[in-house]
Amino acid sequence: MKKAAVQELSSSQVRRRCSLSNMALPARGESAPFIGQSRAVDAMEFGMGVAATGYNAFVVGLPGTGRTSYVLSSLKERAAAMETPQDWVYVYNFEDPSVPVAISLPSGQGRLLESECAAMLEEVKTAIANAFERATYEEAKAQKINAFQENIAKTMSAISDEAEKRGFAVKRTPQGFVNVPLKKTTDETGAEKKEEISSDEYEKLPESEKKRLKDISDAITSRTLQALRRIREKERQLKSSITSMEEDICRGAITPYFDELLEKFPHCPRLAAWLETMKANVVSNFGAFVAAARDDSADVDFSIYKINVLVSHEKNDGAPVVWETNPTYYNLAGKLEYELRQGYYNTDFTHIVAGAIHRANGGFLVLEAEQLLRNFMSYDLLKRVLRSGKLPIESLGEQYSAAPVASPRPEAIPIKLRVVLIGNHELYYLLQEYDPEFQKLFKLVAEFDYEIDRTEQSEADVARLIVIKARESGLLPFDRSGLEELVDYAARLSGDQNKLSLQFNKLFELVVESSAWAKKAGSKKVYRRQVIHAFDEKRRRSALLEEKIRGGFMENLVRIDTTGEAVGQINGLAVVSFADVAFGHPSRITANTFMGPGGVVNIERETNMAGPIHNKGVLTLSSYFGRIYAQKMPINFTARIAFEQQYGGIDGDSASSTELYCLLSSLADLPIRQEVAVTGSVDQLGNVQPIGGVNEKIEGFFDYCQAKGLTGSQGVMIPWQNEQHLMLSHRVADAISKGIFHVWTVQTIDEGIELLTGVPAGSPDSRGNYPASSVHGRVFARLKEWHKQALKLAGGSSHPAAKKKGTKNARRGRAE
């Protein structure tokens, strides 16, 4: 609803003050209220309860509105009532070592299996060692070996006897068996004996004899080789028999331990199958166990029998809620770590490390959207897992290396979880626009508001929240006056005296700093004055640039008139904003008007220093002039508008009304009060429109006026719609209360120009004419005079006989 004409605002209108006189302080231990996010809460409650796939959530909102805190707390509450997911372990694959086996277990049993298996392994070592140290084993083994050796002796004795009968001796050498011919001789007693023929004697034998001996030797060699083959076969049989006996002994010794372990983990068929393969491997490698038991220094690797617990949960913990603050590819997907051994990188299944997705499996994964998108391949990985429901552990190096390195490829684990991304609106809309899969995978959006209506209840809720957070953080208690000032600051943050900001991170910064200043002052509580002091100090810490700019004004390097009057000159207001710093300062705007067809020309536009929104505002001025002054005659004038001593770019239309006032002053030759600064946009009909940064603009001009001395007549004129946005600082509100500074609201250009010049704007009569002494009347008269002069210069005449020719020339002049 529109206000009445020009209105000067009181101190109560420029700063709405909170009253908490009826508020009851929260009891100790009371939980902090969650304020003003019913839309987001309802969305999350609904979406997280939908069992269909794709209902992952994107939580949208500004930082500090409680997005992350709410998401984590609500998910933890929901997860506590959910079933605890399974544990997952990786074990050695005895059939294919390059593919570690993934085994699921009931919740809470992963760590139990790890400890039980390690304990069993130690018992198995002892049992195997004891089994092979018994006398029965040694006797049985000795019997088999003795029988084999006796058999060998008989076989070789038979070959030697047969060779001797045929005149040969069979001798064992390092190179094998050799057949040596024998000759008959007698000893000293005359007894017959056989001796080996020497090489010389053999060479003297006739060729026929040599051939006969060779044939006999070949036959003996053939018989010897046949015997040796039979011996080797029996040796293999002996080894197989001993191995079979040893395996039976080993199996008998370790089976009770494996059966006992399996009984502790029933209903795990995959684990049972793996334990069978492990037992078979232990039996086939029992020698390593014996060696390790007999020699503590023996280098025996038993790591293949370890259990690598990937994910473990306590039985009654409920579903997991994982908040991954650094979502790199490996932090999400897990990894296979390498260790350096003797100059080589080595790895195995025991070096498989779980990622955040593994840990969140069966529950919820919370990620910052911006961080996710910043990390290479992380977003693609997340989408792939959500699509396929599986998570393989892969190395990025293998995927993108020119020469991939062979490494274990663990079995993929099935994944079922809900993902909640937290980000701002820009990221959400970009993903909606450019990622065709986003809508399918993230069907739920929960939007967090940044402000709430300011009511008695919401003020009390914010105050209670401050009290509870202060207690939790160990801060000083807040007096009611301090709480009221903080609630006012929440309204200031929202930019609207009828709203409260929900960006509580900024509010809590002032809470902490207020407590610190109060403690420094030796106060037991935090009162209003400490909160005001904390706010002023916070602003002062970031005010270096503001003070430097104002310093130029104080040294007369920057010309800003805060007193007196001037034609075609006005004080506009601008806001400098960067990071979390924003402050206002005045800009001197001037206008020159003269004859010519140039129209309204903005110098900043001509020099490419103005943005498109500012240029739109300037073009609106031409339309305004046409509507007011060109209904009876064409207007022919040139105007140049400039932001004096402005050397950077400008944008926005908040100075369009200011520029219009400046033009009207120049055309009407009426001086403008320099003690009044102006801000506001204008439409083509002359209505003043609201702008942003109104508090900073007013305070900025106040600081400039105060620096040179307040005169009591200075002030700022703003659009009437911006009254609700006023939450001015105490120093400005106090000056307004004392009547030494002023804030006016206007609805139209006519109201504004009257305040600035003290001259009525003027209203048209029934014939469309304005009073001659009014602003519009003076402007119209100036434009009409210029029009007549333009016609004369163009060769026109006011005589009826020349009317037609003059009209044509005038049209030609306008066209030109």
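Leaving aside its neighbours within four places in sequence, which residues is isoleucine 749 in contact with? Keep that one in mind while we get our bearings; this is a predicted model, and the tour comes back to isoleucine 749 further on.

**Colour by confidence**

Start with pLDDT, which averages 89 over the protein chain, with 96% of the residues scoring at least 70. Then select residues 797-816, where pLDDT stays under 50 and the model has eight contacts beyond four places in sequence. Where pLDDT is low, the predicted coordinates should not be read in detail.

**Colour by domain**

Next, give each domain its own colour. The assignment lists domain 1 (37-85 + 313-448), domain 2 (133-292), domain 3 (452-541) and domain 4 (547-794). Show domain 1 and domain 3 together: their C-alpha centres lie 36 Å apart. Between them, five residues of domain 1 are in contact with four residues of domain 3.

**Helix H17**

Now select residues 456-472, which form helix H17. Draw a distance between the end C-alpha atoms and you should read 25 Å; at 1.5 Å a residue, the 17 residues should span 24 Å, so the two values agree. Twelve of the 17 residues are buried, leaving H17 mostly covered. Among the buried ones are Glu459, Asp461 and Arg464, along with Val462, Leu465 and Ile466. To see what the buried residues pack against, add strand S19 (451-453), helix H18 (480-494), strand S20 (499-501) and helix H19 (504-520). Just after H17, stop at glycine 474, which takes a positive phi of about 70°.

**The Lon proteolytic span**

Move on to residues 564-759, where an unreviewed UniProt entry places the feature "domain: Lon proteolytic". This span is 34% helix and 30% strand, and its end C-alpha atoms lie 16 Å apart.

Within your view, show Ser654 and Lys697 as sticks; the unreviewed UniProt entry gives both as "active site". They are spread over 44 residues of sequence, yet they cluster in space, with a largest C-alpha distance of 10.9 Å.

- Serine 654 sits in the loop between strand S25 (637-643) and helix H24 (656-668). With a relative accessible area of 17%, serine 654 is buried. Its contacts beyond four places in sequence are Leu573, Thr679, Gly680, Ser681, Ile691 and Lys697.
- Lysine 697 belongs to helix H25 (residues 694-708) and counts as buried at 4% relative accessibility. Its contacts beyond four places in sequence include Leu573, Ala574, Val575, Gly584 and Ser654.

**Back to isoleucine 749**

Centre on isoleucine 749, found in helix H27 (residues 749-757). Isoleucine 749 is buried, at 1% relative accessible area. Here is the answer to the opening question: beyond four places in sequence, isoleucine 749 is in contact with Tyr624, Ser657, Leu660, Tyr661, Leu664, Val682, Gly686 and Val688. Pick out leucine 664 from that set: 85 residues separate it from isoleucine 749 in sequence, while the C-alpha to C-alpha distance is 10.0 Å.

**Last stop: two cysteines**

Why do cysteine 662 and cysteine 705 not form a bond? Select both sulfur atoms: the one in cysteine 705 is the closest cysteine sulfur to that of cysteine 662, but it is 18 Å away, too far for a bond. A disulfide needs the pair within 2.5 Å, and the count by this rule comes to zero. Each cysteine is also buried: cysteine 662 has 0% relative accessibility, and cysteine 705 is at 0% as well.

Methods
Residues are numbered from 1 along each chain as its sequence is written. This is a predicted model: local features need pLDDT of at least 70, side-chain atom pairs count only at pLDDT 80 or more; totals for chains, interfaces and linings use all residues. Side-chain values use heavy atoms; hydrogens and water are left out. Buried means under 20% relative accessible area, exposed over 50%, partly exposed in between (1.4 Å probe, protein chains only). pLDDT is the predictor's confidence in each residue, from 0 to 100. Contact means heavy atoms within 4.5 Å. UniProt positions are given in the numbering used here, feature names are shortened, and annotations may be inferred rather than shown by experiment. Helices (H or I, at least four residues) and strands (E, at least two) are DSSP runs, numbered from the N terminus. The expected span of a helix is 1.5 Å times one less than its number of residues. Domain bounds come from an automatic or database domain assignment.
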